[in-house]
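Here are some short exercises to work through with a structure viewer open. Try each task yourself before reading the solution below it.

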Amino acid sequence: MQTVTPMSERAETSRTAGTQLTSPFLELLPITGAAISVFDQDRRATLIQATDATSTRLEEMQFDLGEGPSVDAYRTATLISVPELAWVDLWPAFLRSAAELTVGAIFAFPLMLGAACTGTVTCYRTTPGPLDDDAVDIGASLCRAIAGPSFRRAIVLAADESPDGQPPIESRREIHQATGMVLIQLQVSATDALSRIRAYAFSSGYTVQEIAHDVVSRRLNFAELPE
Amino acid sequence: MNDSEYVAGNIRADSARDDSTREERINDAFVRVAGTLVDSYDVLDLLSTLMNTCTELLGVQAGGILIVDGAGQLELVASTSEEAEIVEVMIVAAGGGPCVDCFSTGRVVSVSDIEAEAGRWPRFRRTALDQGFRAAHATPLRLHGEVIGAMNLLSTRIGALSVRDSQLAQALADVATVGILHERSFREPGAVAAQLHLALDTRVLVEQAKGVLAQVRSCTMTEAFAALRNYAREHDVTLRAAAAGVVDRTIAAESLVPRPA
(Lines give C-alpha, C1' and ligand atoms only; values in the text may rest on other atoms or scores of the structure.)
Protein backbone atom coordinates (compact mmCIF):
# COMPACT_ATOMS: atom_id res chain seq x y z
CA MET A 1 0.00 0.00 0.00
CA GLN A 2 1.14 3.52 0.47
CA THR A 3 4.12 4.67 2.38
CA VAL A 4 4.34 7.99 4.12
CA THR A 5 7.27 10.24 3.53
CA PRO A 6 8.51 12.24 6.51
CA MET A 7 5.87 14.85 5.97
CA SER A 8 6.23 16.91 9.11
CA GLU A 9 9.81 17.73 8.19
CA ARG A 10 8.90 18.50 4.66
CA ALA A 11 5.98 20.66 5.63
CA GLU A 12 8.36 22.63 7.77
CA THR A 13 10.93 23.24 5.06
CA SER A 14 8.35 23.99 2.43
CA ARG A 15 6.24 26.33 4.48
CA THR A 16 8.33 29.34 3.66
CA ALA A 17 8.99 28.32 0.09
CA GLY A 18 5.47 27.77 -1.15
CA THR A 19 3.55 30.35 0.80
CA GLN A 20 1.97 32.00 -2.17
CA LEU A 21 0.69 28.77 -3.72
CA THR A 22 -2.24 28.10 -1.41
CA SER A 23 -3.22 31.69 -0.64
CA PRO A 24 -5.33 32.28 -3.78
CA PHE A 25 -7.43 29.23 -2.89
CA LEU A 26 -8.30 30.78 0.44
CA GLU A 27 -8.93 34.16 -1.14
CA LEU A 28 -11.17 33.00 -3.97
CA LEU A 29 -12.97 29.91 -2.68
CA PRO A 30 -15.44 29.61 0.23
CA ILE A 31 -13.18 27.28 2.20
CA THR A 32 -11.42 27.18 5.55
CA GLY A 33 -8.12 25.62 4.58
CA ALA A 34 -6.19 24.00 1.75
CA ALA A 35 -3.22 21.70 1.28
CA ILE A 36 -1.17 20.94 -1.82
CA SER A 37 0.38 17.50 -2.19
CA VAL A 38 2.39 16.04 -5.02
CA PHE A 39 2.42 12.26 -5.46
CA ASP A 40 5.20 10.19 -6.87
CA GLN A 41 5.76 6.58 -7.81
CA ASP A 42 3.76 4.25 -5.52
CA ARG A 43 1.58 7.21 -4.57
CA ARG A 44 3.88 8.42 -1.89
CA ALA A 45 3.00 12.01 -1.18
CA THR A 46 4.99 15.12 -0.55
CA LEU A 47 3.12 17.87 1.24
CA ILE A 48 4.05 21.06 -0.56
CA GLN A 49 2.07 23.43 1.57
CA ALA A 50 -0.84 23.50 3.98
CA THR A 51 -2.64 26.56 5.30
CA ASP A 52 -3.37 25.13 8.74
CA ALA A 53 -3.00 22.16 11.05
CA THR A 54 -6.32 20.63 10.05
CA SER A 55 -5.33 20.63 6.37
CA THR A 56 -2.04 18.97 7.27
CA ARG A 57 -3.83 16.33 9.36
CA LEU A 58 -6.31 15.55 6.58
CA GLU A 59 -3.42 14.90 4.19
CA GLU A 60 -1.46 12.82 6.68
CA MET A 61 -4.48 10.66 7.51
CA GLN A 62 -5.16 9.93 3.90
CA PHE A 63 -1.57 9.06 3.12
CA ASP A 64 -1.33 6.89 6.22
CA LEU A 65 -4.54 5.05 5.46
CA GLY A 66 -4.28 5.04 1.69
CA GLU A 67 -7.85 6.16 1.29
CA GLY A 68 -9.88 9.35 1.18
CA PRO A 69 -11.07 12.00 -1.25
CA SER A 70 -7.56 13.20 -2.18
CA VAL A 71 -6.37 9.68 -2.89
CA ASP A 72 -9.37 9.20 -5.19
CA ALA A 73 -8.89 12.60 -6.82
CA TYR A 74 -5.34 11.62 -7.69
CA ARG A 75 -6.29 8.13 -8.82
CA THR A 76 -9.16 9.30 -11.05
CA ALA A 77 -7.72 12.71 -12.01
CA THR A 78 -11.11 14.27 -11.26
CA LEU A 79 -12.52 16.59 -8.63
CA ILE A 80 -13.87 14.66 -5.65
CA SER A 81 -16.53 16.75 -3.91
CA VAL A 82 -17.72 15.78 -0.46
CA PRO A 83 -20.19 18.50 0.54
CA GLU A 84 -21.38 16.63 3.63
CA LEU A 85 -18.67 14.56 5.19
CA ALA A 86 -21.12 13.15 7.72
CA TRP A 87 -23.22 11.51 5.01
CA VAL A 88 -20.48 9.71 3.18
CA ASP A 89 -20.14 5.93 3.39
CA LEU A 90 -16.90 5.65 1.44
CA TRP A 91 -13.45 5.54 3.10
CA PRO A 92 -14.51 4.15 6.51
CA ALA A 93 -11.05 4.34 8.10
CA PHE A 94 -10.46 7.89 6.91
CA LEU A 95 -13.87 9.02 8.15
CA ARG A 96 -13.26 7.51 11.58
CA SER A 97 -10.03 9.50 11.87
CA ALA A 98 -11.46 12.67 10.37
CA ALA A 99 -14.28 12.66 12.91
CA GLU A 100 -11.84 14.08 15.46
CA LEU A 101 -11.46 17.21 13.31
CA THR A 102 -13.95 19.97 12.64
CA VAL A 103 -14.48 19.29 8.96
CA GLY A 104 -17.88 19.65 7.27
CA ALA A 105 -16.92 19.43 3.60
CA ILE A 106 -13.91 18.41 1.50
CA PHE A 107 -13.15 19.23 -2.13
CA ALA A 108 -10.14 17.47 -3.58
CA PHE A 109 -8.93 18.89 -6.90
CA PRO A 110 -6.49 16.97 -9.10
CA LEU A 111 -3.30 18.79 -10.04
CA MET A 112 -2.76 18.26 -13.75
CA LEU A 113 0.39 18.90 -15.76
CA GLY A 114 -1.11 18.55 -19.20
CA ALA A 115 -2.42 14.98 -19.24
CA ALA A 116 -0.40 13.85 -16.22
CA CYS A 117 -1.91 13.96 -12.76
CA THR A 118 0.81 14.99 -10.32
CA GLY A 119 -1.06 15.50 -7.07
CA THR A 120 -3.99 17.19 -5.39
CA VAL A 121 -5.18 20.35 -3.75
CA THR A 122 -7.40 19.36 -0.84
CA CYS A 123 -9.74 22.10 0.31
CA TYR A 124 -11.85 21.74 3.42
CA ARG A 125 -14.53 23.77 5.15
CA THR A 126 -15.65 23.56 8.75
CA THR A 127 -19.31 23.73 7.67
CA PRO A 128 -21.02 21.42 5.15
CA GLY A 129 -22.28 22.58 1.76
CA PRO A 130 -21.38 22.24 -1.92
CA LEU A 131 -19.10 24.35 -4.12
CA ASP A 132 -21.03 26.08 -6.90
CA ASP A 133 -19.96 25.74 -10.56
CA ASP A 134 -18.07 29.03 -10.56
CA ALA A 135 -16.08 28.00 -7.52
CA VAL A 136 -15.28 24.68 -9.17
CA ASP A 137 -14.04 26.50 -12.29
CA ILE A 138 -11.95 28.88 -10.24
CA GLY A 139 -10.47 26.02 -8.24
CA ALA A 140 -9.58 24.13 -11.44
CA SER A 141 -7.98 27.24 -12.89
CA LEU A 142 -5.93 27.88 -9.75
CA CYS A 143 -4.75 24.29 -9.90
CA ARG A 144 -3.47 24.86 -13.44
CA ALA A 145 -1.54 27.88 -12.24
CA ILE A 146 0.23 26.02 -9.45
CA ALA A 147 0.66 22.56 -11.00
CA GLY A 148 4.04 23.41 -12.52
CA PRO A 149 5.44 25.27 -9.51
CA SER A 150 4.21 22.55 -7.11
CA PHE A 151 5.79 19.80 -9.17
CA ARG A 152 9.11 21.63 -9.31
CA ARG A 153 8.92 22.17 -5.57
CA ALA A 154 8.27 18.46 -4.99
CA ILE A 155 11.29 17.50 -7.06
CA VAL A 156 13.51 19.77 -5.00
CA LEU A 157 12.03 18.53 -1.71
CA ALA A 158 12.44 14.91 -2.71
CA ALA A 159 16.14 15.65 -3.17
CA ASP A 160 15.80 14.52 -6.73
CA GLU A 161 17.37 17.85 -7.55
CA SER A 162 19.83 20.12 -5.90
CA PRO A 163 17.99 23.16 -4.63
CA ASP A 164 21.09 25.32 -4.93
CA GLY A 165 22.52 26.89 -8.04
CA GLN A 166 20.49 27.80 -11.06
CA PRO A 167 16.94 26.54 -11.23
CA PRO A 168 16.71 23.83 -13.88
CA ILE A 169 14.32 25.90 -15.92
CA GLU A 170 15.34 25.22 -19.47
CA SER A 171 14.67 21.52 -19.12
CA ARG A 172 11.06 21.95 -18.04
CA ARG A 173 9.86 21.38 -21.54
CA GLU A 174 11.99 18.27 -21.84
CA ILE A 175 10.24 16.75 -18.83
CA HIS A 176 6.91 17.08 -20.63
CA GLN A 177 8.36 15.87 -23.92
CA ALA A 178 9.96 12.90 -22.16
CA THR A 179 6.60 12.12 -20.52
CA GLY A 180 5.08 11.85 -23.99
CA MET A 181 7.89 9.61 -25.23
CA VAL A 182 7.88 7.32 -22.19
CA LEU A 183 4.12 6.85 -22.25
CA ILE A 184 4.56 5.34 -25.72
CA GLN A 185 7.65 3.35 -24.76
CA LEU A 186 5.85 1.75 -21.82
CA GLN A 187 2.27 1.99 -23.12
CA VAL A 188 1.11 3.64 -19.92
CA SER A 189 -0.78 6.82 -19.03
CA ALA A 190 0.91 10.22 -18.89
CA THR A 191 0.57 10.12 -15.10
CA ASP A 192 2.41 6.81 -14.88
CA ALA A 193 5.02 7.87 -17.42
CA LEU A 194 5.93 10.93 -15.38
CA SER A 195 6.00 8.84 -12.19
CA ARG A 196 8.34 6.35 -13.83
CA ILE A 197 10.68 9.11 -14.92
CA ARG A 198 10.79 10.47 -11.38
CA ALA A 199 11.27 7.04 -9.88
CA TYR A 200 14.06 6.18 -12.28
CA ALA A 201 15.79 9.49 -11.60
CA PHE A 202 15.55 8.89 -7.87
CA SER A 203 16.84 5.32 -8.00
CA SER A 204 19.66 6.05 -10.44
CA GLY A 205 20.90 9.15 -8.65
CA TYR A 206 20.36 11.43 -11.63
CA THR A 207 18.10 14.46 -11.69
CA VAL A 208 14.67 14.33 -13.31
CA GLN A 209 15.98 16.88 -15.78
CA GLU A 210 18.95 14.72 -16.73
CA ILE A 211 16.77 11.67 -17.24
CA ALA A 212 14.31 13.68 -19.32
CA HIS A 213 17.16 15.03 -21.42
CA ASP A 214 18.49 11.52 -22.05
CA VAL A 215 15.03 10.35 -23.11
CA VAL A 216 14.51 13.28 -25.47
CA SER A 217 18.03 12.80 -26.89
CA ARG A 218 17.13 9.14 -27.42
CA ARG A 219 19.99 7.90 -25.28
CA LEU A 220 17.55 6.33 -22.82
CA ASN A 221 14.53 4.22 -23.72
CA PHE A 222 12.34 3.02 -20.85
CA ALA A 223 11.19 0.05 -22.92
CA GLU A 224 14.75 -1.25 -22.83
CA LEU A 225 15.23 -0.96 -19.08
CA PRO A 226 15.29 -4.16 -17.01
CA GLU A 227 12.15 -4.58 -14.90
CA MET B 1 13.05 35.96 -42.38
CA ASN B 2 14.04 37.79 -45.53
CA ASP B 3 17.43 39.35 -45.12
CA SER B 4 17.23 41.92 -47.90
CA GLU B 5 14.02 43.34 -46.44
CA TYR B 6 15.67 43.57 -43.09
CA VAL B 7 18.51 45.66 -44.49
CA ALA B 8 16.16 47.88 -46.47
CA GLY B 9 13.97 48.42 -43.44
CA ASN B 10 16.86 49.58 -41.35
CA ILE B 11 18.86 51.65 -43.76
CA ARG B 12 15.68 53.10 -45.22
CA ALA B 13 17.26 53.59 -48.64
CA ASP B 14 14.04 53.93 -50.59
CA SER B 15 11.77 54.39 -47.65
CA ALA B 16 8.63 55.56 -49.48
CA ARG B 17 8.22 52.33 -51.37
CA ASP B 18 9.31 50.17 -48.51
CA ASP B 19 6.96 51.92 -46.12
CA SER B 20 3.95 51.14 -48.25
CA THR B 21 4.94 47.52 -48.48
CA ARG B 22 5.57 47.50 -44.78
CA GLU B 23 2.25 49.19 -44.10
CA GLU B 24 0.48 46.57 -46.14
CA ARG B 25 2.22 43.87 -44.19
CA ILE B 26 1.32 45.48 -40.88
CA ASN B 27 -2.30 45.76 -41.98
CA ASP B 28 -2.20 42.21 -43.14
CA ALA B 29 -0.85 41.12 -39.77
CA PHE B 30 -3.60 42.82 -37.81
CA VAL B 31 -6.29 41.55 -40.15
CA ARG B 32 -4.96 38.04 -39.82
CA VAL B 33 -4.90 38.25 -36.04
CA ALA B 34 -8.35 39.84 -35.89
CA GLY B 35 -9.64 37.07 -38.13
CA THR B 36 -8.42 34.38 -35.81
CA LEU B 37 -10.13 36.09 -32.88
CA VAL B 38 -13.59 35.94 -34.43
CA ASP B 39 -14.22 32.22 -34.36
CA SER B 40 -13.10 29.70 -31.84
CA TYR B 41 -9.37 29.93 -32.00
CA ASP B 42 -6.39 28.45 -30.36
CA VAL B 43 -4.34 30.73 -28.18
CA LEU B 44 -1.00 29.05 -28.80
CA ASP B 45 -1.55 28.91 -32.54
CA LEU B 46 -2.51 32.58 -32.59
CA LEU B 47 0.51 33.55 -30.55
CA SER B 48 2.91 31.58 -32.72
CA THR B 49 1.47 33.25 -35.82
CA LEU B 50 1.72 36.62 -34.14
CA MET B 51 5.33 36.07 -33.15
CA ASN B 52 6.31 35.09 -36.66
CA THR B 53 4.60 38.20 -38.03
CA CYS B 54 6.20 40.37 -35.41
CA THR B 55 9.76 39.20 -35.97
CA GLU B 56 9.28 39.51 -39.73
CA LEU B 57 7.93 43.08 -39.52
CA LEU B 58 10.55 44.22 -37.06
CA GLY B 59 13.49 42.54 -38.74
CA VAL B 60 14.50 40.47 -35.74
CA GLN B 61 15.40 36.80 -35.78
CA ALA B 62 13.54 35.28 -32.84
CA GLY B 63 10.69 36.06 -30.50
CA GLY B 64 8.71 34.54 -27.69
CA ILE B 65 5.71 35.23 -25.48
CA LEU B 66 6.05 34.58 -21.77
CA ILE B 67 3.28 34.68 -19.21
CA VAL B 68 3.35 34.48 -15.46
CA ASP B 69 2.47 31.28 -13.59
CA GLY B 70 1.01 30.71 -10.13
CA ALA B 71 4.39 31.09 -8.46
CA GLY B 72 5.07 34.41 -10.16
CA GLN B 73 7.56 32.94 -12.65
CA LEU B 74 7.49 33.57 -16.38
CA GLU B 75 6.76 30.61 -18.62
CA LEU B 76 7.34 30.52 -22.34
CA VAL B 77 4.05 29.77 -24.12
CA ALA B 78 4.86 30.57 -27.73
CA SER B 79 7.95 31.25 -29.80
CA THR B 80 9.01 31.69 -33.40
CA SER B 81 10.90 28.45 -33.26
CA GLU B 82 10.46 25.22 -31.35
CA GLU B 83 14.17 24.47 -31.69
CA ALA B 84 15.69 23.72 -28.31
CA GLU B 85 18.45 26.33 -28.65
CA ILE B 86 16.07 29.21 -29.34
CA VAL B 87 13.68 28.02 -26.67
CA GLU B 88 16.53 27.86 -24.19
CA VAL B 89 17.56 31.47 -24.79
CA MET B 90 13.94 32.53 -24.27
CA ILE B 91 13.58 30.53 -21.10
CA VAL B 92 16.86 31.71 -19.65
CA ALA B 93 15.74 35.27 -20.41
CA ALA B 94 12.62 34.49 -18.39
CA GLY B 95 14.65 33.30 -15.43
CA GLY B 96 16.96 36.31 -15.29
CA GLY B 97 17.16 38.68 -18.20
CA PRO B 98 15.40 41.52 -19.95
CA CYS B 99 12.02 39.74 -19.74
CA VAL B 100 12.07 39.61 -15.96
CA ASP B 101 12.97 43.26 -15.67
CA CYS B 102 10.31 44.15 -18.21
CA PHE B 103 7.74 42.09 -16.35
CA SER B 104 8.58 43.46 -12.92
CA THR B 105 8.72 47.11 -13.99
CA GLY B 106 5.98 46.98 -16.64
CA ARG B 107 8.27 48.86 -19.00
CA VAL B 108 10.04 48.13 -22.24
CA VAL B 109 13.56 46.85 -21.66
CA SER B 110 15.80 47.41 -24.63
CA VAL B 111 19.25 45.87 -24.71
CA SER B 112 21.02 47.24 -27.75
CA ASP B 113 24.23 45.32 -27.10
CA ILE B 114 23.92 42.14 -25.07
CA GLU B 115 27.69 41.70 -24.97
CA ALA B 116 28.11 45.00 -23.15
CA GLU B 117 25.77 43.85 -20.36
CA ALA B 118 28.47 42.00 -18.49
CA GLY B 119 27.22 42.47 -14.97
CA ARG B 120 23.46 42.39 -15.33
CA TRP B 121 22.37 38.97 -16.47
CA PRO B 122 25.50 36.79 -16.85
CA ARG B 123 23.63 33.61 -17.71
CA PHE B 124 21.30 35.22 -20.21
CA ARG B 125 24.22 37.06 -21.79
CA ARG B 126 26.21 33.85 -22.23
CA THR B 127 23.31 31.82 -23.61
CA ALA B 128 22.16 34.56 -25.99
CA LEU B 129 25.67 35.23 -27.32
CA ASP B 130 26.26 31.49 -27.76
CA GLN B 131 23.27 31.40 -30.08
CA GLY B 132 24.40 34.45 -32.00
CA PHE B 133 22.01 37.01 -30.53
CA ARG B 134 23.38 40.49 -29.96
CA ALA B 135 20.35 42.61 -29.01
CA ALA B 136 17.09 42.06 -27.12
CA HIS B 137 13.86 43.97 -26.80
CA ALA B 138 11.30 43.02 -24.15
CA THR B 139 7.79 44.50 -24.28
CA PRO B 140 5.29 44.11 -21.43
CA LEU B 141 1.92 42.41 -21.93
CA ARG B 142 -0.40 44.77 -20.09
CA LEU B 143 -4.01 44.72 -19.08
CA HIS B 144 -5.70 47.45 -17.06
CA GLY B 145 -2.41 48.51 -15.55
CA GLU B 146 -1.49 44.96 -14.66
CA VAL B 147 1.41 43.16 -16.32
CA ILE B 148 0.61 39.56 -17.25
CA GLY B 149 3.79 38.68 -19.12
CA ALA B 150 6.31 39.84 -21.68
CA MET B 151 7.10 39.58 -25.35
CA ASN B 152 10.79 39.04 -26.00
CA LEU B 153 12.46 39.81 -29.31
CA LEU B 154 16.03 38.82 -30.14
CA SER B 155 18.17 40.18 -32.91
CA THR B 156 21.46 38.95 -34.32
CA ARG B 157 22.53 42.56 -34.83
CA ILE B 158 23.60 45.17 -32.33
CA GLY B 159 21.23 48.12 -32.07
CA ALA B 160 17.94 49.18 -30.50
CA LEU B 161 14.56 49.19 -32.23
CA SER B 162 13.50 52.55 -33.62
CA VAL B 163 10.78 54.39 -31.72
CA ARG B 164 8.33 53.47 -34.44
CA ASP B 165 9.26 49.80 -34.34
CA SER B 166 9.09 49.84 -30.58
CA GLN B 167 5.54 51.20 -30.80
CA LEU B 168 4.63 48.53 -33.30
CA ALA B 169 6.06 45.91 -30.93
CA GLN B 170 3.84 47.27 -28.15
CA ALA B 171 0.78 47.21 -30.41
CA LEU B 172 1.47 43.60 -31.33
CA ALA B 173 2.03 42.76 -27.66
CA ASP B 174 -1.36 44.30 -26.88
CA VAL B 175 -2.94 42.13 -29.56
CA ALA B 176 -1.24 39.15 -27.97
CA THR B 177 -2.75 40.11 -24.62
CA VAL B 178 -6.21 40.27 -26.13
CA GLY B 179 -5.56 36.94 -27.79
CA ILE B 180 -4.53 35.30 -24.57
CA LEU B 181 -7.33 36.72 -22.52
CA HIS B 182 -10.18 36.29 -24.93
CA GLU B 183 -12.93 38.86 -25.30
CA ARG B 184 -15.10 37.09 -22.73
CA SER B 185 -12.51 37.58 -20.03
CA PHE B 186 -13.01 41.30 -19.83
CA ARG B 187 -16.55 40.82 -18.61
CA GLU B 188 -16.05 38.00 -16.18
CA PRO B 189 -13.90 38.55 -13.14
CA GLY B 190 -11.54 35.68 -12.61
CA ALA B 191 -11.71 34.67 -16.24
CA VAL B 192 -8.53 36.60 -17.02
CA ALA B 193 -6.53 34.41 -14.72
CA ALA B 194 -8.34 31.35 -16.02
CA GLN B 195 -7.30 32.11 -19.60
CA LEU B 196 -3.70 32.64 -18.56
CA HIS B 197 -3.62 29.38 -16.67
CA LEU B 198 -5.23 27.51 -19.52
CA ALA B 199 -2.57 28.83 -21.90
CA LEU B 200 0.16 27.63 -19.53
CA ASP B 201 -1.37 24.19 -19.25
CA THR B 202 -1.94 23.97 -23.00
CA ARG B 203 1.79 24.48 -23.48
CA VAL B 204 2.50 21.51 -21.19
CA LEU B 205 0.00 19.35 -23.06
CA VAL B 206 1.52 20.35 -26.40
CA GLU B 207 4.99 19.37 -25.16
CA GLN B 208 3.66 15.96 -24.05
CA ALA B 209 2.00 15.48 -27.46
CA LYS B 210 5.26 16.42 -29.18
CA GLY B 211 6.93 13.68 -27.14
CA VAL B 212 4.32 11.11 -28.20
CA LEU B 213 4.77 12.06 -31.85
CA ALA B 214 8.55 12.13 -31.63
CA GLN B 215 8.46 8.59 -30.25
CA VAL B 216 5.87 7.14 -32.59
CA ARG B 217 7.03 8.88 -35.77
CA SER B 218 10.75 9.11 -34.95
CA CYS B 219 10.74 12.79 -35.78
CA THR B 220 12.24 15.89 -34.16
CA MET B 221 10.30 17.99 -31.66
CA THR B 222 10.08 20.80 -34.21
CA GLU B 223 8.59 18.46 -36.81
CA ALA B 224 6.23 17.10 -34.20
CA PHE B 225 4.96 20.59 -33.41
CA ALA B 226 4.42 21.34 -37.10
CA ALA B 227 2.54 18.05 -37.51
CA LEU B 228 0.33 18.86 -34.54
CA ARG B 229 -0.40 22.32 -35.83
CA ASN B 230 -1.23 21.05 -39.28
CA TYR B 231 -3.51 18.40 -37.89
CA ALA B 232 -5.37 21.01 -35.83
CA ARG B 233 -5.84 23.25 -38.84
CA GLU B 234 -6.86 20.49 -41.22
CA HIS B 235 -9.39 19.07 -38.79
CA ASP B 236 -10.55 22.45 -37.52
CA VAL B 237 -9.82 21.67 -33.90
CA THR B 238 -7.77 23.65 -31.42
CA LEU B 239 -4.14 22.84 -30.82
CA ARG B 240 -5.14 21.93 -27.27
CA ALA B 241 -7.74 19.42 -28.48
CA ALA B 242 -5.28 17.92 -30.96
CA ALA B 243 -2.59 17.63 -28.28
CA ALA B 244 -5.01 16.10 -25.77
CA GLY B 245 -6.15 13.57 -28.38
CA VAL B 246 -2.60 12.57 -29.23
CA VAL B 247 -1.63 12.14 -25.58
CA ASP B 248 -4.70 10.12 -24.59
CA ARG B 249 -4.39 8.17 -27.87
CA THR B 250 -7.87 8.99 -29.17
CA ILE B 251 -6.05 10.53 -32.13
CA ALA B 252 -3.67 8.01 -33.64
CA ALA B 253 -0.19 9.52 -33.69
CA GLU B 254 0.43 7.43 -36.78
CA SER B 255 -2.06 9.56 -38.70
CA LEU B 256 -0.10 12.78 -38.11
CA VAL B 257 2.54 13.50 -40.70
CA PRO B 258 5.75 14.97 -39.37
CA ARG B 259 7.09 17.74 -41.55
CA PRO B 260 9.69 20.42 -41.30
CA ALA B 261 8.50 23.59 -39.55
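The exercises below go through a predicted model, from chain contacts to sheets, helices and single residues.

**Exercise 1. Find how many residues of chain A are in contact with chain B, and which element of chain A gives the largest share.**

Step 1. Start with the contact itself: 29 residues of chain A meet 33 residues of chain B.

Step 2. Next, look for the elements of chain A that give two or more residues to this side; they are helix 2 (19–28), strand 4 (105–113), helix 6 (133–157) and helix 7 (172–186).

Step 3. Helix 7 of chain A supplies the largest share, 10 residues.

Step 4. Finally, sort the chain A side by class: 15 nonpolar, 10 polar and 4 charged residues.

**Exercise 2. Work out the strand order of the open sheet in chain A and say which strands are at its edges.**

Step 1. Trace the 5 strands across the sheet, and you should read the order 2-1-5-4-3, with antiparallel pairing.

Step 2. The edge positions belong to strand 2 (45–50) and strand 3 (80–82) of chain A, each of which pairs on one side only.

Step 3. On average, neighbouring strands of this sheet are turned by 20° against each other, direction ignored.

Step 4. Now zoom in on one pair. Strand 4 and strand 5 (residues 116–125) of chain A run antiparallel and are joined by 9 bridges. To find your place, look for A:Leu111, which stands opposite A:Gly119 in strand 5 of chain A.

Step 5. Add the helix that lies across strands of chain A: helix 6 of chain A lies across strand 1 (33–39), strand 2, strand 4 and strand 5, and runs at about 70° to strand 4 of chain A.

**Exercise 3. Describe how helix 8 and helix 9 of chain A pack.**

Step 1. Take the geometry to begin with. Helix 8 (residues 190–204) and helix 9 (residues 208–216) of chain A pack at an angle of about 115°, and their axes are 8 Å apart.

Step 2. The crossing of helix 8 of chain A past helix 9 of chain A is right-handed.

Step 3. Then pick out the residues that make the contact. Helix 8 of chain A brings A:Ile197, A:Arg198, A:Tyr200 and A:Ala201, while helix 9 of chain A brings A:Val208, A:Ile211 and A:Ala212.

Step 4. Sorted by class, these contact residues are 6 nonpolar, no polar and 1 charged.

**Exercise 4. Identify the domains of chain B and describe the domain 1 side of their contact.**

Step 1. According to the domain assignment, chain B has domain 1 (3–184) and domain 2 (200–255).

Step 2. Their contact takes 11 residues from domain 1 of chain B and 12 residues from domain 2 of chain B.

Step 3. On the domain 1 side, helix 3 (43–58) and strand 2 (74–79) of chain B are the elements that give two or more residues. Helix 3 of chain B gives the most, with 3 residues.

Step 4. The class count for the domain 1 side is 4 nonpolar, 1 polar and 6 charged residues.

**Exercise 5. Decide for B:Leu153 and B:Glu23: buried or exposed?**

Step 1. Place B:Leu153 in strand 5 (residues 146–155) of chain B. This strand runs antiparallel to strand 1 (residues 62–68) of chain B, with 6 bridges joining the two.

Step 2. B:Leu153 has 29 C-beta neighbours inside 10 Å, so this residue counts as buried; the cut-off for buried is 20 or more.

Step 3. See what B:Leu153 touches beyond four places away in sequence: B:Thr55, B:Leu58, B:Val60, B:Gly63, B:Ala136, B:His137 and B:Ala169. B:Ala138 is 15 residues from B:Leu153 in sequence, with the two C-alpha atoms 6.2 Å apart in space.

Step 4. Turn to B:Glu23, which lies in helix 2 (residues 15–38) of chain B. B:Glu23 counts as exposed because there are 10 C-beta neighbours inside 10 Å, and the cut-off for exposed is 12 or fewer.

**Exercise 6. Find which residues of helix 6 of chain B are buried and what covers them.**

Step 1. In helix 6 (residues 122–130) of chain B, the buried residues to mark are B:Phe124, B:Arg125, B:Thr127 and B:Ala128.

Step 2. Their cover includes helix 4 (84–95), strand 4 (135–143) and strand 5 of chain B.

Step 3. Follow the chain just past helix 6 of chain B to B:Gly132, which takes a positive phi of about 85°.

Methods. Residues are numbered from 1 along each chain as its sequence is written. Chains are lettered from A and ligands numbered from 1 in the order in which they are written. This is a predicted model: local features need pLDDT of at least 70, side-chain atom pairs count only at pLDDT 80 or more; totals for chains, interfaces and linings use all residues. Domain bounds come from an automatic or database domain assignment. Two residues are in contact if their C-beta atoms, placed from the backbone, lie within 7 Å. Helices (H or I, at least four residues) and strands (E, at least two) are DSSP runs, numbered from the N terminus. Ala, Val, Leu, Ile, Met, Phe, Trp, Tyr, Cys and Pro count as nonpolar, Asp, Glu, Lys and Arg as charged, and the others, Gly among them, as polar. Two strands pair if DSSP finds at least two bridges between them. Axes are lines fitted to C-alpha atoms, for helices over the stretch in contact, and angles run from 0 to 180 degrees between N-to-C directions. A crossing is left-handed if the near helix is turned anticlockwise from the far one by less than a right angle, and right-handed if clockwise.
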